[in-house]
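Work through these exercises with the model open. Each task is followed by a stepwise solution.

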Amino acid sequence: MRHVASLALVFALASVSLARAEMSVVCTAVAEAGTDTLLKREGDCETRVTPASTFKIALAVIGFDAGILTDEHAPVLPYRPGYPAWMPSWKTDTDPTGWIRNSVVWYSQKITEALGKRRFADAVARLDYGNRDVSGDPGKGNGLTRSWIGSSLKISPLEQIAFLRGLVGRRLPVTPHAIETTIRLLDTGLEPGGWRLYGKTGSAAARHPDDSLDRERPIGWFVGWAEKGGRTVLFARLVRLDRKPSVFPGLAAKDSVVADLFTTPGSL
């Protein structure tokens, strides 16, 4: 068993090293929660891009506030043939915990469809999330199902930090239940260097200058916060993979955040 565990660690480290070799960091933004202090601001942290699956943080807040989501394990929604199922883990009945853990797109779409266009747009505007634009692709009427996936809704790394300030500071204009339950869902269970991490990854195709999709050089997010000894640090990292990836860009972003910020003593 020890030999198997050692091999697993070797393969995991090799995967991380490969991802780092393929990756360039677009932005790293790190801030102390409860203050306006930025500890790090490296790269282009102001340009807005698609939030991809990091939008699930805001959508969880919205869903719990609206009563569409009840708690970490309710509602359980059944998978139906025809739903988006790019991953095998999506082809199963799913609750909020599984939704966040496996980043299930169709579960997000069931939340937004239950909200409807007006309530969805109003909720995103109330959270002051990025550019607030949930109209979707021009002429396609897909705002409820696609606006956060390489479409109209965009957010910068600094705006991700601003949104997280409101969440962690319990200042978002939603119910306390919505905030506290979302926070519990985001607990990754990792404790590198004594830090406990909360956050969400996101992966998406980048855009060429003419706004067409660049699937060969996708982007990845990891946004969230870490707690240690009474201190809370917010972070947003955006990366771009320099070739067609061997791992999800969001996972590459997450691994790099853990290695760069929360494993090495004295990095923060």
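Contact means heavy atoms within 4.5 Å. This is a predicted model: local features need pLDDT of at least 70, side-chain atom pairs count only at pLDDT 80 or more, and totals for chains, interfaces and linings use all residues. Residues are numbered from 1 along each chain as its sequence is written, and side-chain values use heavy atoms, with hydrogens and water left out.

**Exercise 1. Describe the chain as a whole.**

Step 1. Take the contacts with a separation of 6 or more: 63% of them are between residues 24 or more positions apart.

Step 2. List the secondary structure. Helices (H or I, at least four residues) and strands (E, at least two) are DSSP runs, numbered from the N terminus. The chain has eight helices and five strands. Their order along the sequence is α-β-β-α-α-α-α-α-α-β-β-β-α.

Step 3. Check burial. Buried means under 20% relative accessible area, exposed over 50%, partly exposed in between (1.4 Å probe, protein chains only). Of 268 residues, 46% count as buried.

Step 4. Add the surface. Accessible areas come from the Shrake-Rupley method with a 1.4 Å probe; for residues, only the protein chains shown count as cover. About 12,500 Å² is exposed by the chain, and carbon and sulfur atoms supply 54% of it.

**Exercise 2. Find the disulfide and place its two ends.**

Step 1. Apply the cut-off: a disulfide is a pair of cysteine sulfur atoms within 2.5 Å. A search of the whole structure gives one. Its partners are Cys27 and Cys45, with S to S at 2.0 Å.

Step 2. Place the ends. Cys27 is in strand 1, while Cys45 is in the loop between strand 2 and helix 2 (55–66). The pair links distant parts of the chain, 18 residues apart.

Step 3. Assign the hand. The torsion about the S-S bond of Cys27 and Cys45 is about 100°, so the disulfide is right-handed.

Step 4. Test burial. Cys27 counts as buried because its relative accessibility is 0%. Cys45 counts as buried too, at 1%.

**Exercise 3. Characterise helix 2.**

Step 1. Compare its span with expectation, which is 1.5 Å times one less than the number of residues. Helix 2 has 12 residues and reaches 16 Å from first C-alpha to last, close to the 16 Å expected.

Step 2. Count the cover. In helix 2, 10 of the 12 residues are buried. Among them are Phe55, Lys56, Leu59 and Phe64.

Step 3. Look past the end. Gly67 follows helix 2, and its phi is positive, near 85°.

**Exercise 4. Locate the nonpolar cores.**

Step 1. Set the rule. A nonpolar core is a set of buried Ala, Val, Leu, Ile, Met, Phe, Trp, Tyr and Cys residues joined through side-chain atoms within 4.5 Å.

Step 2. Take the largest. It has 55 residues; Phe55, Trp99 and Phe120 are among those with the most contacts inside it. Apart from it lies another core, of 16 residues, including Trp195 and Leu261.

**Exercise 5. Is Ser103 buried or exposed, and which side chain does it meet in a polar contact of 3.3 Å?**

Step 1. Place Ser103: the loop between helix 3 (96–102) and helix 4 (105–126).

Step 2. Ser103 counts as buried because its relative accessibility is 13%.

Step 3. A polar contact is a pair of N or O atoms within 3.5 Å; within protein, one must be able to donate a hydrogen and the other to accept it, and residues adjacent in sequence count only if both atoms are side-chain atoms. The partner of Ser103 is the side chain of Lys56, at 3.3 Å.
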